[in-house]
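Reader: Please pick one strand of this model and go through its surroundings residue by residue, then carry the account on into the rest of the chain. Which partners does it have, what covers it, and how far can the coordinates be read?

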Amino acid sequence: MNLVQADSFLTLHYRLGAVGGEDFINTFEDKPATLSLGTGELSEGLEAKLLGLAEGAHETLTLAEGEAFGPHNPDLVQWVARALIDQLGGADQAYSLGDVVQFPAPTGGPNMAGTLIDVRDDGQSLCFDFNHPLAGRAVRFEVQLIGVL
């Protein structure tokens, strides 16, 4: 029987969400996911919980606050001028609280996603949280390992 190792390639179903909250991701209702451990497709905290599990295992795991996606970092909550958003291609776009907006990374790397959490009364500044939505929260991680290579 194959056990999950640090460099394993996995086929799995998984459900991820805050403890006591709704699902953030749920592959049980669709096709299973495939991913390679150690490549950043899952957080280090989630990967650590998979290590040693056997192919065919179906487990529900709980990760303590911040263990899955780190602590919530207040420095990643930023006000952005509406003019900048318009310049980046969002002109005439209506936004609602909770919307996730993609921004180009300042270093030219992959885009960064920010969740809209506040809008100034004049509408000229929008506040985005660039933390992972589950950062700083206790996480429920249900996993069914279909294949381990």
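**A strand and its partners**

Author: Thr11 stands opposite Thr34, a residue of β3. The model is a predicted one, and the pairing to look at here is that of β1 with β3 (residues 33-36), antiparallel over four bridges. β1 itself covers residues 9-18.

β1 has further partners. Nine bridges connect β1 with β9, and the two strands run antiparallel. In that pairing Leu10 faces Val148 of β9. With β2 (residues 23-26), β1 again pairs in the antiparallel sense, over three bridges, and Gly17 stands opposite Asp23 there. β1 and β2 make a hairpin that leaves four residues between the strands. In the turn of that hairpin, Gly20 has a positive phi of about 80°.

As for cover, β1 is mostly shielded, with eight of its ten residues buried. For the whole protein chain, 38% of the 149 residues count as buried.

Aromatic contacts come next. With ring centres required to lie within 6.5 Å, the count is four aromatic pairs. One of them starts in β1: the ring centres of Tyr14 and Phe141 are 6.1 Å apart and the planes stand at 75°, so this pair is edge-to-face. Tyr14 belongs to β1 and Phe141 to β9 (residues 139-148), so the pair links parts of the chain that are 127 residues apart. Tyr14 has a relative accessibility of 11% and therefore counts as buried. Phe141 is buried as well, at a relative accessible area of 0%.

A second pair is found elsewhere in the chain. The rings of Phe103 and Phe128 have centres 5.0 Å apart and planes at 75°, so they too are edge-to-face. Since Phe103 lies in β6 and Phe128 in β8, this pair ties together parts that are 25 residues apart in sequence. Phe103 counts as buried because its relative accessibility is 7%, and Phe128 because its value is 0%. Together with Phe130, Phe103 and Phe128 form one aromatic cluster.

This leads to the sheet that holds β6 and β8. Four strands form an open sheet in the order β5-β8-β7-β6, with antiparallel pairing. Its edges are β5 (77-81) and β6 (100-103), each of which pairs on one side only. On average, neighbouring strands in this sheet are turned by 45° against each other, direction ignored. Helix α2 (residues 82-90) packs on the sheet and touches β5, β6 and β8 (125-129). The direction of α2 makes about 75° with that of β5. At one edge, β6 pairs with β7 (residues 112-119), antiparallel and over four bridges. Phe103, the aromatic residue described above, stands opposite Met112 of β7.

In α2, the buried residues are Arg82, Ile85 and Gly90. They span an arc of only 55° around the axis, which puts them on the same side of the helix. Ala83 and Gln87, on the other side of α2, are exposed. The cover over the buried residues of α2 includes β5, β6 and β8. After α2 comes Asp92, with a positive phi near 65°.

For the chain as a whole, there are two helices and nine strands, which run β-β-β-α-β-β-α-β-β-β-β from the N terminus on. Along the principal axes, the C-alpha trace spans about 60 × 30 × 30 Å. Of the contacts between residues at least 6 apart in sequence, 62% join residues at least 24 apart.

That leaves confidence. The protein chain averages a pLDDT of 94, and 100% of the residues score at least 70. The lowest confidence falls in α2, with a mean of 86, and the highest in β9, at 98. Predicted coordinates should not be read in detail where pLDDT is low.

Note on methods
Residues numbered from 1 in each chain as written. Predicted model: local features only at pLDDT ≥ 70, side-chain atom pairs only at ≥ 80, totals over all residues. Heavy atoms only, no water. Pairing = 2+ DSSP bridges. Axes fitted to C-alpha atoms, helices over the stretch in contact; angles between N-to-C directions. Contact = heavy atoms within 4.5 Å. Buried < 20%, exposed > 50% of the residue type's maximum accessible area, 1.4 Å probe, protein only. Arc of directions from axis to C-beta. pLDDT = per-residue confidence, 0-100. Phe/Tyr/Trp six-rings, centres within 6.5 Å; stacked < 30°, edge-to-face > 60°.
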